[in-house]
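Reader: I'm new to this structure and would like a close look at one part of it. Could you walk me through the salt bridges and what sits around them?

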Amino acid sequence: AGQAVDAHGRALEELFLPFCWWNYTPENCHERGDGWNGENLSVFCTENGGGRALQSLVRPYLMRCAGRPLSQSFQLADGRYRCEFQATEGNGKTLFFVPS
């Protein structure tokens, strides 16, 4: 699940599109998945002891940009986030979310 979630996140980041992963299914299991449309996208699984694919879902991102965003990317393998933007004077502060 982690690789699929990461690919989804990378595609949205490249386009600067915000997203919310909205699937918590307490009954999720490996055999039935989340029970919707043959998918297994829940962030929770009792067989995993709780959270699933959280390394892929909880990722750094640009919250506020004092300028024009140009590119951003997150490399899950080494935890490296890169963001480029063209700063504009008088546009406030740039703010990032960085998970702990």
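Author: Here is a walk through the salt bridges, followed by a surface patch and the cysteines. Keep in mind that this is a predicted model.

Let's start with the count: a search of the whole structure turns up five salt bridges. A good one to pick out first is the pair Asp-6 and Arg-59, whose closest N and O atoms are 3.0 Å apart. Asp-6 belongs to helix H1, which covers residues 2–14, while Arg-59 sits in the loop between helix H2 (54–57) and strand E3 (61–64), so this pair ties together parts that lie 53 residues apart in sequence. Are these two partners buried or exposed? Both Asp-6 and Arg-59 are buried.

Arg-59 has another partner to look at. It also forms a salt bridge with Glu-13, and here the closest N and O atoms are 2.5 Å apart. Glu-13 is in helix H1 and Arg-59 is in that loop between H2 and E3, so the link joins parts 46 residues apart in sequence. How buried is each of them? Arg-59 has a relative accessible area of 3%, and Glu-13 has one of 6%. Buried means under 20% here, so both values fall on the buried side of the cut-off. Now put the pieces together: through salt bridges that share partners, Asp-6, Arg-10, Glu-13 and Arg-59 become one network.

Elsewhere, the side chains of Arg-82 and Glu-84 meet in a salt bridge at 3.0 Å, N to O. Glu-84 is partly exposed, with a relative accessible area of 33%.

Next, take a look at strand E3, where you'll find Tyr-61. Together with Met-63 and Leu-95, Tyr-61 makes a nonpolar surface patch of about 270 Å². At 39% relative accessibility, Tyr-61 counts as partly exposed.

Last come the cysteines. If you were hoping for disulfides, a search of the whole structure finds zero. Cys-45 is in no disulfide, and its nearest cysteine sulfur, the one in Cys-29, is 6.8 Å away. A disulfide needs two cysteine sulfur atoms within 2.5 Å, so that spacing does not qualify. Cys-45 is also buried, at 1% relative accessibility. Cys-65 is likewise in no disulfide: the nearest cysteine sulfur, that of Cys-83, is 6.2 Å away.

Conventions
Residues are numbered from 1 along each chain as its sequence is written. This is a predicted model: local features need pLDDT of at least 70, side-chain atom pairs count only at pLDDT 80 or more; totals for chains, interfaces and linings use all residues. Side-chain values use heavy atoms; hydrogens and water are left out. A salt bridge is a side-chain nitrogen of Lys or Arg within 4 Å of a carboxyl oxygen of Asp or Glu. Helices (H or I, at least four residues) and strands (E, at least two) are DSSP runs, numbered from the N terminus. Buried means under 20% relative accessible area, exposed over 50%, partly exposed in between (1.4 Å probe, protein chains only). Patches are made of residues with over 30% relative accessible area and no salt bridge: like charges are joined within 9 Å, nonpolar side chains (Val, Leu, Ile, Met, Phe, Trp, Tyr) within 5 Å. Accessible areas come from the Shrake-Rupley method with a 1.4 Å probe; for residues, only the protein chains shown count as cover.
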